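Got the viewer open? Let's take a short tour, one selection at a time.

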Amino acid sequence: MAERNIYLPYLMRIAKITDEAPAVKTFRLEFINPEEAANFEFHTGQFGMYTAFGEGESTFCIASSPTRKGYIECTFRAVGRVTSALATKEEGDVIGFRGPCGNLFPLEQWRGRNLLFIAGGIALPPLRSVIWNCLDQRDWFEKITVVYGARSVADLVYKHELQDWEARPDIDLVVTVDPGGETADWKGKVGFVPHVVEQLAPPSENTVAIVCGPPVMIRFTLPLLEKLGFTPDSVYTTLENRMKCGHGKCGRCNTGTSFICKDGPVYTLAQLRELPAEY
Amino acid sequence: MTTILKISAESLEALFAALGDSGRRILGPTETDGRVDLGEVQTPAQVADAHLQLTLSAKEAVFPRVERLLSYKTMPGKVELNDAEPDIQPTVLFGLRPCEASGFGSLDSVFNWDSRDKFFNARVEQMTVVGLSCTQADDACFCTSVGGGPGSTKGSDLLLTPLADGHYLVEILTAKGEEIQALAPHLFQPAVNEDKEALLAKLEPHFDREALTAKLPGLFTSELWAEQSLRCVGCGACAFVCPTCACFDIQEEADTKEGQRLRCWDSCGLRQFTLHASGHNPRSAQAERWRQRIYHKFSYFPQRFGEAMCVGCGKCTRACPVDMNLKEHLTQACGT
């Protein structure tokens, strides 16, 4: 009996491309093979390997929610060889997707609690999947707050969705840009994400914080959350080391006893403290 | 249950012929210009005499340096994707040292601990390992410090131990080993009162692996790793010769019309291994990469799989261009 090739990607057609920010795009991807589409399942927090045929694979999150069936979305910045090649693709083109990989955000455990999302820059996409998922099961949770910051107004991703969230009464959205990144008609906040969180001083009682952003944002935000009374097991983040296989074999994402691609990418602050800071 | 028999040098030659007749390819250590590599052999005479170790390792029999994972053709609006099937044939690996043979177990843990790697498994399925006990060891060897030994049967389907009278003691260890014996049962003789231990190389343990594993978590921030790796040039040779190092890269080889995806050996000692597209590198210093090598093999891997990811063959020490000595470095860590 021949075994399945775990390195073989699904073929996906790009159904829609959205320009989010300079060099940042969102692809909506649909399975070419209807059988694969019917059998595909994932959980929020999981990620995949995206192929630009001719160039290779690159790793990033699934930015859409499992509650929205029939497609997945990914948002990426054109930085390296593969993402630059992906950025040249057009609607209708075929790319590869391998996944889902990794663990998940434990929404079941969060039932009945407040959710505080804190995201910086290009790190909103992984949290957007969770936010969508939670909004689609809104009655599971109490208050939902989202703090999102980017370097400049232009660098904010999902601009239309931010407007939708702004308009919803059941989600509190705070958007900020770094000082100097504002435009003349900017109505949101100006300031770095940790400062904005400090001003906001969200209560920690019965609240889960989900944090994702550049290392500098994480470094200043985590101590702040602890000061606000968040315990290390109520703070979640998602890591993204360099990866190749997605199956805990190639060794690249190995951090301490953990393979980020298998045991992660979702970790609580308590779990992170058990790992060497090699991420 | 292990069956213990004996085979003469002449009968071994006849066994090689029987193996060939059965459609099996025989790979054994062959010597060219001082290098010992796994090469195809038809007779025992072609096998390198008294070799201590392969220069590289036997892992390439199941985990080749470069292996195709898939191929594809690209057309406007369409991609034709093709699965890859490894090109394999029934193979006998003859004369592997016990350390090499036991390395396959570590590789199996990596390639099958969660999802199964069909390329590795297809090769293992077609492979029979005929081990050869060590009657000599050199200064780089430390198998007895990591749970192995010069006559260890681990990983072998059939183990030969040279006897003083020119015969070999034969331990038949697995069903695959029995298949080999069944090809020509008349070539084997009963073995009576052979003292295998007395024939083996003598190698005292230098350190206690379990004590090392217990100690490493407390040494993570020690200066030791920087001191030891000060002279490391980050060439990756230690990983390439290692029978258990399984880290790999996946690379694309393509033009505008077609391409293939290849798996290639890689090493945690190389800077690019963990380098992010952003320029951030979680292990940016060679000391951190050396520490990762030690910790992966002697701390993280044992915690997950219960044994070290090291067979004590000493190949890394022999291959190192700047004379880093794993046995000594580990002994030093134990004493720190």
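Start by selecting Leu107(B): setting aside neighbours within four places in sequence, Leu107(B) is in contact with Lys59(B), Val62(B), Phe63(B), Phe120(B), Thr244(B) and Ala246(B). Here, contact means that the C-beta atoms of two residues, placed from the backbone, lie within 7 Å.

Before going on, a word on what you're looking at: this is a predicted model, where local features need pLDDT of at least 70 and side-chain atom pairs count only at pLDDT 80 or more, while totals for chains, interfaces and linings use all residues. Residues are numbered from 1 along each chain as its sequence is written, with chains lettered from A and ligands numbered from 1 in the order in which they are written.

Now add Leu93(B) and Ala246(B): together with Leu107(B), they touch the most other members of the largest nonpolar core, which has 82 residues. Such a core is a set of buried Ala, Val, Leu, Ile, Met, Phe, Trp, Tyr and Cys residues joined through C-beta atoms within 7 Å, and buried means 20 or more other C-beta atoms within 10 Å of a residue's own. Apart from that core lies another, of 78 residues, including Val147(A) and Leu156(A).

Next, show both chains: 43 residues of chain B are in contact with 34 residues of chain A. Which element gives the most to chain B's side? Pick β11(B), with 6 residues; strands are DSSP runs (E, at least two residues), numbered from the N terminus.

Last stop, chain A: colour domain 1 (10–101) and domain 2 (107–238), bounds that come from an automatic or database domain assignment. Their C-alpha centres lie 24 Å apart.

Definitions and conventions:
A residue is buried if 20 or more other C-beta atoms lie within 10 Å of its own, exposed if 12 or fewer, and partly exposed in between; C-beta atoms are placed from the backbone. Helices (H or I, at least four residues) and strands (E, at least two) are DSSP runs, numbered from the N terminus.
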